[in-house]
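Let's walk through this fold piece by piece, starting from one side chain and working outwards. Keep the viewer open as you read.

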Amino acid sequence: MNIAPLTDKQIPDAVSLWTEAGLTRPWNDAIADCRRALRGPDSTVLAVTDDVGIVATAMVGHDGHRGWVYSLAVAERCRGHGFGAQLMSACEDWVRDRGIPKIQLMVRSENSDVLSFYGRLGYDRSDVVVLGKRLD
(Lines give C-alpha, C1' and ligand atoms only; values in the text may rest on other atoms or scores of the structure.)
Protein backbone atom coordinates (compact mmCIF):
# COMPACT_ATOMS: atom_id res chain seq x y z
CA MET A 1 0.00 0.00 0.00
CA ASN A 2 1.29 3.42 -0.94
CA ILE A 3 0.09 6.48 1.01
CA ALA A 4 1.14 9.84 -0.42
CA PRO A 5 -0.24 13.33 -0.94
CA LEU A 6 -2.78 13.52 -3.73
CA THR A 7 -1.63 15.04 -7.02
CA ASP A 8 -3.63 17.58 -9.00
CA LYS A 9 -4.19 14.93 -11.67
CA GLN A 10 -5.85 12.67 -9.08
CA ILE A 11 -8.38 15.26 -7.84
CA PRO A 12 -11.27 14.06 -10.07
CA ASP A 13 -10.73 10.46 -8.91
CA ALA A 14 -10.69 11.55 -5.26
CA VAL A 15 -13.93 13.50 -5.69
CA SER A 16 -15.51 10.50 -7.42
CA LEU A 17 -14.55 8.37 -4.43
CA TRP A 18 -16.03 10.95 -2.03
CA THR A 19 -19.24 10.93 -4.08
CA GLU A 20 -19.39 7.12 -4.06
CA ALA A 21 -18.92 7.17 -0.27
CA GLY A 22 -21.73 9.74 0.21
CA LEU A 23 -19.43 12.48 1.51
CA THR A 24 -20.20 15.22 -1.00
CA ARG A 25 -23.04 17.68 -0.76
CA PRO A 26 -24.46 19.70 -3.68
CA TRP A 27 -23.82 23.02 -1.95
CA ASN A 28 -20.09 22.30 -1.51
CA ASP A 29 -17.65 22.39 -4.42
CA ALA A 30 -15.64 19.25 -3.65
CA ILE A 31 -13.05 19.93 -6.36
CA ALA A 32 -12.40 23.43 -4.97
CA ASP A 33 -12.23 22.02 -1.42
CA CYS A 34 -9.68 19.45 -2.52
CA ARG A 35 -7.55 22.02 -4.37
CA ARG A 36 -7.67 24.37 -1.37
CA ALA A 37 -6.48 21.59 0.96
CA LEU A 38 -3.63 20.68 -1.37
CA ARG A 39 -2.45 24.27 -1.69
CA GLY A 40 -2.81 25.28 1.96
CA PRO A 41 0.29 25.45 4.15
CA ASP A 42 -1.42 23.53 6.95
CA SER A 43 -3.34 20.87 5.03
CA THR A 44 -3.13 18.13 2.44
CA VAL A 45 -5.09 15.23 1.02
CA LEU A 46 -3.53 11.82 1.51
CA ALA A 47 -4.31 9.06 -0.95
CA VAL A 48 -3.89 5.30 -0.93
CA THR A 49 -3.33 3.86 -4.37
CA ASP A 50 -3.10 0.39 -5.84
CA ASP A 51 -2.57 -0.88 -9.40
CA VAL A 52 -6.05 0.30 -10.40
CA GLY A 53 -5.85 3.80 -8.90
CA ILE A 54 -7.03 5.60 -5.78
CA VAL A 55 -8.61 3.30 -3.21
CA ALA A 56 -8.79 5.66 -0.22
CA THR A 57 -8.36 9.33 0.66
CA ALA A 58 -8.39 11.59 3.68
CA MET A 59 -8.13 15.35 3.90
CA VAL A 60 -6.01 16.36 6.89
CA GLY A 61 -5.03 19.73 8.31
CA HIS A 62 -4.66 21.72 11.48
CA ASP A 63 -5.46 25.10 12.99
CA GLY A 64 -2.38 25.26 15.22
CA HIS A 65 -4.00 23.45 18.15
CA ARG A 66 -6.28 20.79 16.67
CA GLY A 67 -5.73 18.50 13.76
CA TRP A 68 -8.76 17.78 11.63
CA VAL A 69 -9.60 14.90 9.31
CA TYR A 70 -12.22 15.24 6.60
CA SER A 71 -13.40 13.15 3.68
CA LEU A 72 -11.91 9.83 4.72
CA ALA A 73 -13.28 7.44 2.12
CA VAL A 74 -12.40 3.91 1.05
CA ALA A 75 -13.54 2.44 -2.26
CA GLU A 76 -16.29 -0.08 -1.71
CA ARG A 77 -14.20 -2.88 -3.25
CA CYS A 78 -11.48 -2.28 -0.64
CA ARG A 79 -13.53 -1.86 2.54
CA GLY A 80 -12.80 -4.23 5.40
CA HIS A 81 -9.12 -4.66 4.48
CA GLY A 82 -7.58 -2.10 6.85
CA PHE A 83 -7.11 0.75 4.37
CA GLY A 84 -9.17 3.19 6.45
CA ALA A 85 -7.32 2.34 9.67
CA GLN A 86 -3.92 2.69 7.99
CA LEU A 87 -4.94 5.97 6.40
CA MET A 88 -6.14 7.33 9.76
CA SER A 89 -2.80 6.30 11.25
CA ALA A 90 -1.06 8.27 8.48
CA CYS A 91 -3.27 11.29 9.27
CA GLU A 92 -2.39 11.01 12.96
CA ASP A 93 1.31 10.87 12.05
CA TRP A 94 0.93 13.91 9.76
CA VAL A 95 -0.66 15.90 12.60
CA ARG A 96 1.77 14.61 15.24
CA ASP A 97 4.76 15.49 13.01
CA ARG A 98 3.61 19.12 13.09
CA GLY A 99 3.52 19.25 16.88
CA ILE A 100 -0.25 19.40 17.10
CA PRO A 101 -1.57 17.89 20.38
CA LYS A 102 -5.05 16.78 19.34
CA ILE A 103 -6.85 15.34 16.34
CA GLN A 104 -10.57 15.30 15.72
CA LEU A 105 -13.15 14.80 13.03
CA MET A 106 -16.85 15.12 12.41
CA VAL A 107 -19.20 12.26 11.51
CA ARG A 108 -22.84 12.66 10.65
CA SER A 109 -24.81 11.36 13.64
CA GLU A 110 -26.85 8.90 11.58
CA ASN A 111 -23.73 7.18 10.20
CA SER A 112 -23.49 4.38 12.79
CA ASP A 113 -21.07 2.22 10.75
CA VAL A 114 -18.54 5.04 10.55
CA LEU A 115 -19.02 5.94 14.21
CA SER A 116 -18.24 2.30 15.07
CA PHE A 117 -15.14 2.37 12.83
CA TYR A 118 -13.72 5.41 14.63
CA GLY A 119 -14.67 3.96 18.01
CA ARG A 120 -12.55 0.89 17.21
CA LEU A 121 -9.64 3.24 16.47
CA GLY A 122 -9.96 4.85 19.92
CA TYR A 123 -11.93 7.97 19.00
CA ASP A 124 -14.53 9.12 21.54
CA ARG A 125 -17.56 11.34 21.13
CA SER A 126 -17.03 14.92 22.27
CA ASP A 127 -19.79 16.80 24.02
CA VAL A 128 -19.85 19.73 21.60
CA VAL A 129 -22.24 21.26 19.13
CA VAL A 130 -20.82 22.20 15.75
CA LEU A 131 -22.16 25.49 14.43
CA GLY A 132 -21.71 26.74 10.89
CA LYS A 133 -22.48 29.64 8.62
CA ARG A 134 -22.19 29.80 4.82
CA LEU A 135 -20.04 32.72 3.66
CA ASP A 136 -20.50 32.32 -0.08
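With which side chain does the side chain of threonine 57 make a polar contact? The partner is the side chain of tryptophan 18, at 2.6 Å. A polar contact here is a pair of N or O atoms within 3.5 Å; within protein, one must be able to donate a hydrogen and the other to accept it, and residues adjacent in sequence count only if both atoms are side-chain atoms.

Before going further, a word on what you're looking at: this is a predicted model, where local features need pLDDT of at least 70 and side-chain atom pairs count only at pLDDT 80 or more, while totals for chains, interfaces and linings use all residues. Residues are numbered from 1 along each chain as its sequence is written, and side-chain values use heavy atoms, with hydrogens and water left out.

Back to threonine 57. The residue sits in strand 3; helices (H or I, at least four residues) and strands (E, at least two) are DSSP runs, numbered from the N terminus. Its side chain also reaches the backbone oxygen of serine 71, at 3.4 Å. Threonine 57 counts as buried because its relative accessibility is 0%, where buried means under 20% relative accessible area, exposed over 50% and partly exposed in between (1.4 Å probe, protein chains only). Setting aside neighbours within four places in sequence, threonine 57 is in contact (heavy atoms within 4.5 Å) with residues including Ala14, Leu17, Val45, Leu72 and Leu87.

Now zoom out to the sheet. Five strands make an open sheet in the order 1-2-3-4-5, with mixed pairing; two strands pair if DSSP finds at least two bridges between them. Strand 1 (2-5) and strand 5 (102-105) are the edges, each pairing on one side only. From one strand to the next, the twist averages 25°. For angles like this, axes are lines fitted to C-alpha atoms, for helices over the stretch in contact, and the values run from 0 to 180 degrees between N-to-C directions.

Start at the strand 1 edge. Strand 1 and strand 2 (residues 43-49) run antiparallel and are joined by four bridges; one register marker is alanine 4, whose bridge partner in strand 2 is alanine 47. Helix 2 packs on the sheet, where it touches strand 2 and strand 3, and its direction makes about 105° with that of strand 2.

Just ahead of that helix comes aspartate 29, in the loop between helix 1 (11-20) and helix 2 (30-39). A polar atom of the aspartate 29 side chain lies 3.2 Å from the backbone nitrogen of isoleucine 31, and the backbone nitrogen of alanine 32 is 3.1 Å from a polar atom of that side chain.

Next, the hairpin. Strand 3 and strand 4 (residues 66-74) pair antiparallel over six bridges, with glycine 61 bridging to tryptophan 68 in strand 4. Three residues separate the two strands, and glycine 64 in the turn has a positive phi of about 100°. The backbone nitrogen of glycine 64 also lies 3.0 Å from a polar atom of the histidine 62 side chain. Histidine 62 belongs to strand 3 (residues 54-62) and is buried, at 18% relative accessible area. Beyond its neighbours within four places in sequence, histidine 62 touches Asp42, Gly67, Trp94, Arg98 and Ile100.

Two of those contacts, Trp94 and Arg98, have an arrangement of their own: arginine 98 lies over the face of tryptophan 94, at 3.7 Å from the ring centre. The criterion is that NZ of Lys or CZ of Arg is within 6 Å of the ring centre and within 35 degrees of the ring normal.

On the other side of the hairpin, strand 4 and strand 5 pair in the parallel sense over four bridges. Arginine 66 stands opposite lysine 102 in strand 5.

Finally, the rings. Rings of Phe, Tyr and Trp (its six-membered ring) pair if their centres lie within 6.5 Å; planes under 30 degrees apart count as stacked, over 60 as edge-to-face and the rest as tilted. That gives three aromatic pairs. Tryptophan 68 and tyrosine 70 are stacked, 5.9 Å centre to centre with 15° between the planes. Why is the pair of tyrosine 118 and tyrosine 123 edge-to-face? Their planes stand at 75°, with the centres 5.8 Å apart, so the pair gets that label. Ring pairs link Phe117, Tyr118 and Tyr123 into a cluster.
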